[in-house]
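Trainee: Please pick one loop in this model and give me a close look at its backbone. Then carry on outward and tell me how the rest is put together.

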Amino acid sequence: MAKNLVIVESPAKAKTIEKFLGPDFKVASSYGHIADLPSKELGVAVDDDFDAKYIVSSDKKALVKQLQVLANKAEIIWLASDEDREGEAISWHLSETLKLDKAKTKRIVFNSITKSAVQHAIQNPREIDYNLVNAQQARRVLDRLVGYELSPVLWKKIKPGLSAGRVQSVAVRLIVEREREIDSFNPEASFKITAQFKTQAGVLFSAKIYKTFSSEGSATEFLNQNIGADFSVAQLEKKPAKKSPAAPFTTSTLQQEASRKIYFSVSKTMQVAQRLYEAGHITYMRTDSVNLSKEAKEAAAVAIIENYGKSFSHPRDFRGKTKGAQEAHEAIRPTNMMIQNPVSDRDQAKLYDLIWKRTLASQMSDAELERTNVKIAANTHEEQFTASGEVITFEGFLKVYLEGVDDEDQEEQEGMLPAMSLSESLDYQNITATERFSRPPYRYSEASLVKKLEELGIGRPSTYAPTISTIQNRGYVEKGSIEGTARAYQQLVLSQDTLKVSTLSENVGSDKGKMVPTDIGMIVNDFLVDHFSSIMDYHFTAKVEEDFDDIAQGTEDWKKVMKSFYNDFHPKVLSVEENADRASGERLLGEDPKSGRPLIVRLGRFGAMAQIGHADDDEKPIFASLLPDQSLGTITFQEALDLFKLPRELGTYEGKEVLANVGRFGPYIKYGEAFVSMDKGESAMDVTFERAVELIVEKQKADAPIAYYENHEVTKGTGRFGPFIKWNGLFINVNKKYDFDTLSTADITELIELKKQKEMEKVVHNWSDAGVKIEKARWGRHNILKGKVKVELSKEVAVESMTLEQAEAILEQKAPKKKAAPKKKTATKKTSAKKTTTKKASAVKARPKTSAKK
């Protein structure tokens, strides 16, 4: 039996470490935290000293028992979770939950999973750092207090199922405020001048005037001044310049650069980086530091000299800008600088290549350039054209890597200029005045949002990815699919002393993939900003991060920080819950021209909707859902009024009524009882009957049986999880092994038989006479099924020995019970009838329809 037990937090990390240690070491995984705050209660003693109640969840109890057995048999237990605050807390939970003997428990950390790093850690153990543990406790407890107390307020005042969080809500605020800046932006037009000149040697180059002209008239006047003009080089300046490499990656710069260069989302970057780290290819991926160890710099110098030559090597140190950088004291880098392609996985290879190049470039020489600036004068006016260019005289770090930039930081790339001499005469080929419009601020991408959060001091390396995932999963923010719109602009071209005016078109406002707030995101944000301004304040959120840093340094008591926060926060929550009005984002757009009743838009139970009338009117209000590309804040009166034209009656086809309407998943055609989705870009408002028939026929062809098997039809289609065939009520995924377009009889038979076998293997019990069966479910759980009723059982339940009577008892106990229909009462008084009417109106108000008709 191994004398030493090493506990890490992931099985992949355990597998890598086990290769470096001898037979005296057993490496086990805790699979993350083994203890956490309870999910169904606050779990924090707010009336006492803010002690946190940590419990072992039911799905971790078996693991804890297994670790306990291994710990009892080991002579030494090595706690080897990650070296940041969360890793320290994992080690602390292991020590407390397993009741480890301090005399035989050692804490070890390493920022890379290599043989030398692991062995060095074992030679230099330490105790658990309780300052780091308390900093992590403070973050966990504060976030629990905010989420647990604010979320019920949102349920009561806006809509059930919503959530708030200390960092996530501030991130949403950034996105909402940026969207409103864009909405309120009014573009201003001006004309920019560019020109093409030819040198005496016949080489063309471009130049421009930095001054802009405010109107077409002033631009035309300037162009006319150039008719018949003589142009010459008035100034020629050449000077050397240098470019220096960027620092090695921190977590945030890796997330930003991976987004720009290889189009990874922030969460994907962290997932791939985690796998690279656990396989021992890179150092720890959650870090604020830009430092490289002495060994790393030396290794980089060897790799640079071997690959590019001595002149390209320039070891250098970088100083981080992030205040309160966390405990991982080195930047993200390869563990072996000499290896450029250590993995075969495509995504890992892309990210590793980025890290390898960035690290090497950071230790390389500056790039040397020669910059040339030319001023060109005309003899007919005072304005001068400017041409700039640069030539790389020594590549330096540019041989390997150039840092990317965000859209808003883009500059026009300068190229090379032809040889010229002072006073040289030049010929103009054309001079162009192009109408350009000022641009609104850019919407945030995931990368630029991370950059902004870091600039404001909000969050830390471990929080960026989960924050961005959470605000999207909660439906507060979505990736934009804005196609943009056409905009006309004027262009004036002077060529051969003749002026020509053209009207051209450009696509503006396209923001695909950028972060756009949803209606619910805006309503929640406005409510929180109005009533909890301190929580939503950027400086407060950054100050909290500084408090966590002070706790980690041992200069602040975490419970005092919690008490100070809660004593201000809790009374405010109670006050808002008691006194604040409900929020629905309601906007009055005008009066319905037919009924004279108010037309409003607001958030309803099933999403954003338009409404004519009020619930307390004598006549019931009518509702219509907003289209997927419409929002409460921007929809116009006419657009809202048009919604009540749905569903549109298009005609009759094969004796069945054809309607156009909009549902949760977009516009569709309803044909009898069948639903046919419209193609992207099509609208229920303007689709024709002929087009609807085309879609119906296409759907009929697609749904027609492609075969028969055991006297049942086989049809095929494509769903959210890819292509499938349907047989006898079963949906069967068709993987890439098969050619979906030309499925053979043998393919269909194989797919159905495999599915039948899988379905049979899922069944543990099948009491067919009673219509009850038990099937295997995910993660070791089981389901009891009876008709459409399903009850999930935890994996601790022994289903193999369960009887029909026991299964039916569980169904009776846990299955949702149907509510008895209330008996109708006859109103005996007018007041009683009035109350009944009001209740019915309220019920309708909570259930928006897609049209005025029922």
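Mentor: Helices and strands here are DSSP runs numbered from the N terminus, with at least four residues for a helix and at least two for a strand. With that in hand, let's go to Phe50, which sits in the loop between strand E2 (25-29) and helix H2 (61-73). Bear in mind that this is a predicted model. What catches the eye is the backbone: Phe50 isn't a glycine, yet its phi is positive, about 65°. Is the residue buried or exposed? Phe50 has 2% relative accessibility, and it counts as buried because the cut-off is under 20%.

Now put Tyr263 next to that. Tyr263 is no glycine either, and its phi is also positive, at about 60°. Its loop runs between H8 and helix H9 (266-278). The surroundings are another story, though: Tyr263 has a relative accessible area of 71%, so it is exposed. While we're on the backbone, have a look at Pro647 too, in the loop between helix H17 (637-642) and strand E19 (648-653). The peptide bond that joins Leu646 to Pro647 is cis, with omega about -5°.

H8 brings us to the charges. Its Glu257 side chain meets that of Arg358 in a salt bridge, at 4.0 Å from N to O. Glu257 belongs to helix H8 (residues 251-262) and Arg358 to helix H11 (residues 346-362), so the pair ties together parts 101 residues apart in sequence. Both partners count as buried: Arg358 has 3% relative accessibility and Glu257 has 0%.

That's one of 51 salt bridges in the structure. Take Glu682 and Arg691 as another, with their closest N and O atoms 2.6 Å apart. Here Glu682 is partly exposed at 22%, while Arg691, at 18%, counts as buried. Then there's Glu792 with Arg781, where the closest N and O atoms are 3.6 Å apart. Glu792 is in strand E30 (residues 789-793), and Arg781 is eleven residues away in the loop between strand E28 (772-776) and strand E29 (782-786). Glu792 counts as exposed at 51% relative accessibility, and Arg781 as partly exposed at 28%. Some bridges share partners as well: Glu9, Lys13, Asp82, Asp84 and Arg286 are joined that way into one network.

Follow Lys13 from that network and you reach Ile113. Leaving out residues up to four places away in sequence, Ile113 touches Lys13, Thr16, Ile17, Phe20, Tyr277, Glu278 and Gly280. Ile113 lies in the loop between strand E4 (105-107) and helix H4 (115-123), and at 1% relative accessibility it counts as buried. Thr335 is 222 residues from Ile113 along the chain, but their C-alpha atoms are separated by 8.2 Å.

Next, the packing. The largest nonpolar core has 147 residues, and Phe110, Ile158, Leu351, Phe527 and Ile669 have the most contacts inside it. Helix H5 (residues 130-157) gives the most to this core, ten residues in total. Phe110 has Lys13, Ile17 and Tyr277 among its contacts, along with Ala80, Glu83, Ala117, Val118 and Ala121, again skipping residues up to four places away in sequence. A separate core of 27 residues includes Phe197, Ala219, Ala378 and Tyr428.

For a spot with some exposure, try Gln472 in helix H13 (residues 464-473). At 23% relative accessibility, Gln472 counts as partly exposed. Beyond its sequence neighbours up to four places away, it touches Glu446, Val477, Lys479 and Met515. From Gln472 to Gln168 it's 304 residues in sequence and 9.9 Å in space, C-alpha to C-alpha.

Zooming out, the chain has 21 helices and 30 strands, and its C-alpha trace spans about 105 × 85 × 70 Å along the principal axes. Of its 854 residues, 45% are buried. Among contacts with a separation of 6 or more, 67% are between residues 24 or more positions apart. The accessible surface is about 45,800 Å², and carbon and sulfur atoms account for 49% of it. As for charge, there are 125 positive and 122 negative charges, with mean positions 6 Å apart.

Conventions
Residues numbered from 1 in each chain as written. Predicted model: local features only at pLDDT ≥ 70, side-chain atom pairs only at ≥ 80, totals over all residues. Heavy atoms only, no water. Buried < 20%, exposed > 50% of the residue type's maximum accessible area, 1.4 Å probe, protein only. Contact = heavy atoms within 4.5 Å. Areas by Shrake-Rupley, 256 points an atom, 1.4 Å probe, with all protein chains shown as cover. Lys, Arg positive; Asp, Glu negative; His and termini not counted. Charge placed at Lys NZ, Arg CZ, Asp CG, Glu CD. Core = buried A, V, L, I, M, F, W, Y, C linked by side-chain atoms within 4.5 Å.
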